[in-house]
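Visitor: Got a minute to walk me through this model? I'd like the short version.
Guide: Sure. Have a look, then ask away.

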Amino acid sequence: MQRVLIVEDSKMVQQVLRHLAAQWLDIDVDFAWSLREAATLIKKHRYTVALVDLTLPDAPNGEVVKLMMKSAIPTVVLTSAIDEYKRLQMIEMGVIDYVLKDNRDSYLYAIKLLAQLLRNQGSKVLVADDSKTSRNLMKQMLEQLLYQVEEAADGEQALQMLSSDNSIKLLLTDYAMPKMDGFELAKAIRHRRGRDELAIIGISGSGSQSLSAKFIKYGANDFLIKPFMPEEFHCRVMQTMEQLNMIGQIKDAANRDYLTSLYNRRYFYQQAQQSIQHCKPEQTSVLAMLDIDYFKQINDTYGHQAGDEVLVLLSSLLQHHFPECLIARIGGEEFALMLNVSDLSQAVELMDEFRFYVSNHLFVFASQPIAVSVSIGICGIEGPSLETAMQHADIALYDAKGQGRNQVAVFENKSQCIEPV
Ligand SMILES: Nc1nc2c(ncn2[C@@H]2O[C@H](COP(=O)(O)OP(=O)(O)OP(=O)(O)O)[C@@H](O)[C@H]2O)c(=O)[nH]1
């Protein structure tokens, strides 16, 4: 469980930080006013990261930072002034970063930095460099940012590691390496993994500025020129990873339905094809189409907002009951599920259990109970294309509606089959 500690003695600053933390950090955050209070909290909880004010009434000389370091808590420092001596002192102590308290944006920067650090925890980064000293230095700085670091001593080894491990999210690559240089590596890996899956930072030695532009052209997101200051390294890595995260969020939003956050029709088609191809030999792919009964009446009786709420609640019930399945809202009050099960009868059993659960579940909107039931059409997918299976499941759904609703029907009537394409 991740947890954050923020130590700040100014009432006004703490208020701003509380507001920003509620907005950006989706985990438990504890606030302390003093070194004493921070020390008590540290005894009670394990903290993933801390944001601390350098000067506190009971700790005027950065004692709180020493306490954090002693307790092995990765720490970001807030300070109202910084000079070269203080900067070096903090870097030597192992502080992740320092933030100057000079405007509202700096507090936002600090909180976003904490959010990124929390996301970093456990994320994999690959450092490709033939110099062990250089690798060690970067590894140390990346581990400070809570990344899990892997190493490669040449381009070929790095390419192999990246090809076999999709969980590596960032590659830091030197230019001059044996077997395969940084350009070739960036070019080769970009063919396989796009900018939404992997971020690349190229590294080149001083006096070779032209290499930087070339790195970007070969697919790197950013570059660093050696030697670099730890702050620059941190900023570039964090910024690059923030971009990767944002691209991921945009891509995810494009695949989801705005109301229920389930996948949308287009994404369902894309993924269902893959799910069919990857179905294990001992399993059967089954498609289920589910439609809320008399949904128009729900809208007409309780209002459109109540209808929306029913859609959202039903979506969370679906996700809760079928956590492993591909689920999408494919139309107004229509949903589709791909199940990989032992046989068709298992799918019928599971869907009937769900149908029964929904008809007995208490849906409430503005303190009013709303009766909800669903009809479900099921079709096994063996041979026909997904498009055909959708039509078959739709026919079965139509049957379920025709037979009085609140029931499950299986597609059986081959005479109604549309020929496979
Ligand atoms: N609240 C809400 N209503 C929607 C949404 N999308 C579609 N609808 C409504 O869903 C209703 C679907 O009505 P019908 O197709 O007549 O189906 P039904 O009333 O559920 O009847 P049966 O399916 O035959 O049981 C329409 O009134 C649409 O306006 C939505 O996003 N929110």
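Visitor: Is Ser315 buried or exposed?
Guide: Ser315 is buried, with a relative accessible area of 0%. Buried means under 20% relative accessible area, exposed over 50%, and partly exposed in between, with a 1.4 Å probe and protein chains only.

Visitor: What should I know about the model itself?
Guide: This is a predicted model: local features need pLDDT of at least 70, side-chain atom pairs count only at pLDDT 80 or more, and totals for chains, interfaces and linings use all residues. Residues are numbered from 1 along each chain as its sequence is written, and side-chain values use heavy atoms, with hydrogens and water left out.

Visitor: Back to Ser315. Which helix is it in, and what is it in contact with?
Guide: Ser315 lies in helix 13, residues 304-321. Helices (H or I, at least four residues) and strands (E, at least two) are DSSP runs, numbered from the N terminus. Leaving aside neighbours within four places in sequence, Ser315 is in contact with Thr260, Leu262 and Phe335. Contact means heavy atoms within 4.5 Å.

Visitor: Sheets next. What is the order of the one with mixed pairing?
Guide: That open sheet has five strands, ordered 12-13-11-16-17. Strand 12 (326-329) and strand 17 (408-410) are at the edges with a single partner strand each, so one side of each has no neighbour in the sheet. Two strands pair if DSSP finds at least two bridges between them.

Visitor: How do strand 11 and strand 16 pair?
Guide: Antiparallel, over eight bridges. Ser285 stands opposite Ile381 in strand 16.

Visitor: Which strands does helix 14 lie across?
Guide: Helix 14 (344-360) lies across strands 11, 13, 16 and 17, at about 165 degrees to strand 16. Axes are lines fitted to C-alpha atoms, for helices over the stretch in contact, and angles run from 0 to 180 degrees between N-to-C directions.

Visitor: And the parallel sheet, what order there?
Guide: The order is 7-6-8-9-10, again an open sheet of five strands. Its edge strands are strand 7 (148-152) and strand 10 (222-225).

Visitor: New topic. Which helix gives the most to the lining of the largest pocket?
Guide: Helix 10, with seven residues. The lining has 14 residues, with Lys112, Leu113, Gln116, Arg119 and Glu242 nearest the centre. On a 1 Å grid over the protein atoms alone, a pocket is an open set of points where a 1.4 Å probe fits, with protein on both sides within 12 Å along at least five of seven lines; lining residues have an atom within 4 Å of a point.
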